[in-house]
Amino acid sequence: MSEPLSTPLPVVLAGARGHGRWHVENIRRLQRKGIVRLVGICELTPLTEEELGDLGTPEQSADFGALLDSTGARIAVICTPIPTHTDLALTAAERGVHLLLEKPPAPSYAEFRRMADGVAAAGVVCQIGFQSLGSHALSAVRELIEKGAIGELVGIGGAGAWVRDEDYFRRAAWAGKRRLNGVDVIDGALTNPLAHAVATALALGGSTRAEDVTRIETELLHANDIESDDTSCVRITTAQGHPVTVAATLCAERADEPYVLVHGSSGRITFWYKQDRVLLQRAGHGPEESEHGRTDLLENLVDHLTTGADLLVPPDGTGAFMKVVEAIRTAPDPASLPDTAWHRIPGENRRVVPGIDGLVAAAADTLSLYSELGAPWAPLSNEVSTR
């Protein structure tokens with residue numbers, strides 16, 4: 001990297017509605033701190049004065065490249081539909097603009113490599129938006145593992161039991177799709193809303209790079225009338241020798257906090273990654289709970305550019321996650337759950353799979369797939385070797 005930059009850094013945000021509203025508020029927070037300055041918003045419909053509030057009058061345009069040129073942005077935050085990520089990232093990289101790119105970074109491993117290689121060739125910095133990987137709990141859990149607090153590492157589980165109504169899958173043309181107009185989207189429980197569970201589980205086990213994954217088994221299903229999966233699980237065999245099993249559903253009976261469960265030979269660690277909360281349980285000791293801080297990823301990107309601080313989530317640190325996305329992309333299309341396996345909740349416009357909350361927890365607890373836990377509707381797993 002060349003000479004360090006000085007704050008406030010000019011930022012353009014691509015995608016300021018939907019999840020992008022979170023980025024608007026985060027940029028507002030950092031602008032008040034004098035760290036960044038919002039100079040442009042790329043949206044099909046401009047934000048109103050009410051939506052902007054004290055963010056001033058950033059330039060607004062639907063032409064991302066032109067907006068980067070006219071504003072002199074040094075950072076672009078990209079929070080747009082998944083299939084657009086690679087092209088927009090390269091548009092910024094070609095102009096020497098650094099990036100915060102929302103997860104999942106791309107809908108296929110080939111698109112991910114095109115993005116990551118293009119960004120590297122352009123000499124710009126890219127941070128991938130897995131906010132959970134900014135949690136200070138990660139280093140605390142890794143330290144517990146390394147010092148043998150739970151004995152030998154046996155495996156890592158992940159569990160996400162969430163509730164989404166049917167309108168969630170109609171919020172955008174790409175929602176609930178595997179492909180749209182012949183282009184990969186690969187929206188799904190494990191690749192998008194609960195992607196953090198997969199990425200965090202891999203990170204805690206030190207399996208973040210593409211070469212750290214040797215085999216992937218998937219079981220993909222849906223209760224909703226969609227193409228993608230809303231109830232799924234994956235088991236990843238790592239080069240380090242321990243399995244990582246993550247189970248997820250958007251059809252839970254009750255919404256629960258997602259978590260990652262580290263299994264050791266003499267104990268276990270539970271990490272509720274949205275809450276930065278850790279529970280250590282081990283032989284011969286009472287339970288020990290701790291809460292941790294979190295470093296914001298845009299703030300970390302600015303620190304990296306201005307002071308040389310380590311970047312928390314570079315593209316290659318999400319290669320293993322992208323191998324999981326690729327396995328899901330190339331797996332047979334998710335199976336429809338039989339009508340007998342789900343029901344609607346009156347007045348809530350959502351579909352529920354009875355018993356799925358317990359199955360998600362059991363998968364994380366035993367590192368098993370749904371089919372191995374005896375779910376009568378689970379298909380035989382699809383297996384992909386990544387070697």
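The following exchange takes a predicted model and asks what stands behind each label given to it.

Reader: What makes the protein chain agree with a compact globule?

Author: The radius of gyration does. A compact globule of 387 residues would have a value near 21 Å, and the protein chain has 21 Å, so the two agree. The C-alpha trace spans about 60 × 50 × 40 Å along its principal axes. Of the 387 residues, 57% count as buried.

Reader: How many of the contacts in the protein chain with a separation of 6 or more join residues 24 or more positions apart?

Author: Such pairs account for 70% of those contacts. The secondary structure of the protein chain comes to 10 helices and 20 strands.

Reader: Which stretches does UniProt annotate as domains?

Author: An unreviewed entry gives "domain: Gfo/Idh/MocA-like oxidoreductase N-terminal" for residues 11-130. It also lists "domain: GFO/IDH/MocA-like oxidoreductase" for residues 140-269. These annotations may be inferred rather than shown by experiment.

Reader: What is the helix and strand content of each span?

Author: Residues 11-130 are 41% helix and 21% strand, with the end C-alpha atoms 19 Å apart. Residues 140-269 are 13% helix and 36% strand, and there the end C-alpha atoms are 11 Å apart.

Reader: What makes S3-S2-S1-S4-S5-S6 an open sheet, and which strands are its edges?

Author: The 6 strands form an open sheet in that order, with parallel pairing. Strand S3 (59-61) and S6 are the edge strands, since each pairs on one side only. From one strand to the next, the twist averages 20°.

Reader: How do you know that S1 and S2 pair?

Author: Two strands pair if there are at least two bridges between them. S1 and S2 run parallel and are joined by 6 bridges, so they meet the cut-off. One residue pair shows the register: alanine 14 has cysteine 42 in S2 as its bridge partner.

Reader: Why is helix H8 called mostly covered?

Author: H8 takes in residues 297-307, and 9 of its 11 residues are buried. Buried means under 20% relative accessible area. Among the buried residues are Leu297, Leu298, Asn300, Leu301 and His304.

Reader: What do the buried residues of H8 pack against?

Author: They pack against helix H1 (20-32) and five named strands: S1 (9-14), S2 (36-42), S4 (75-78), S5 (98-101) and S6 (126-128).

Reader: What is found at the start of H8, and what follows the helix?

Author: At the start, a side-chain oxygen of aspartate 296 comes to within 3.2 Å of the backbone nitrogen of leucine 298. A polar contact needs N or O atoms within 3.5 Å, so the distance passes. After H8 comes glycine 308, with a positive phi near 80°.

Reader: How many residues of helix H7 are buried?

Author: H7 covers residues 195-204, and 10 of its 10 residues are buried. Ala195, His196, Thr200 and Leu204 are among them. Just after H7, glycine 206 has a positive phi of about 70°.

Reader: Why is histidine 263 called buried, and where does it lie?

Author: Its relative accessible area is 10%, and the cut-off for buried is under 20%, so histidine 263 is buried. Histidine 263 belongs to strand S13 (residues 259-264). Leaving aside neighbours within four places in sequence, its contacts include Ile150, Glu152, Val154, Arg268, Ala364 and Asp365.

Reader: Is arginine 32 buried or exposed, and how do you know?

Author: Arginine 32 has 60% relative accessibility, and exposed means over 50%, so it counts as exposed. This residue is in helix H1. From arginine 32 to aspartate 54 is 22 residues in sequence and 9.1 Å in space, C-alpha to C-alpha.

Reader: Is leucine 52 buried or exposed, and what is it in contact with?

Author: Leucine 52 stands at 6% relative accessibility, under the 20% limit, so it counts as buried. Its place is in helix H2 (residues 49-52). Setting aside neighbours within four places in sequence, leucine 52 is in contact with Arg28, Ile41, Leu47, Pro58 and Gln60. Asparagine 300 is 248 residues from leucine 52 in sequence and 24 Å in space, C-alpha to C-alpha.

Key: Residues are numbered from 1 along each chain as its sequence is written. Side-chain values use heavy atoms; hydrogens and water are left out. Helices (H or I, at least four residues) and strands (E, at least two) are DSSP runs, numbered from the N terminus. Buried means under 20% relative accessible area, exposed over 50%, partly exposed in between (1.4 Å probe, protein chains only). Contact means heavy atoms within 4.5 Å. A polar contact is a pair of N or O atoms within 3.5 Å; within protein, one must be able to donate a hydrogen and the other to accept it, and residues adjacent in sequence count only if both atoms are side-chain atoms. Axes are lines fitted to C-alpha atoms, for helices over the stretch in contact, and angles run from 0 to 180 degrees between N-to-C directions. The radius of gyration is taken over C-alpha atoms; the globule rule is 2.2 Å times the number of residues to the power 0.38.
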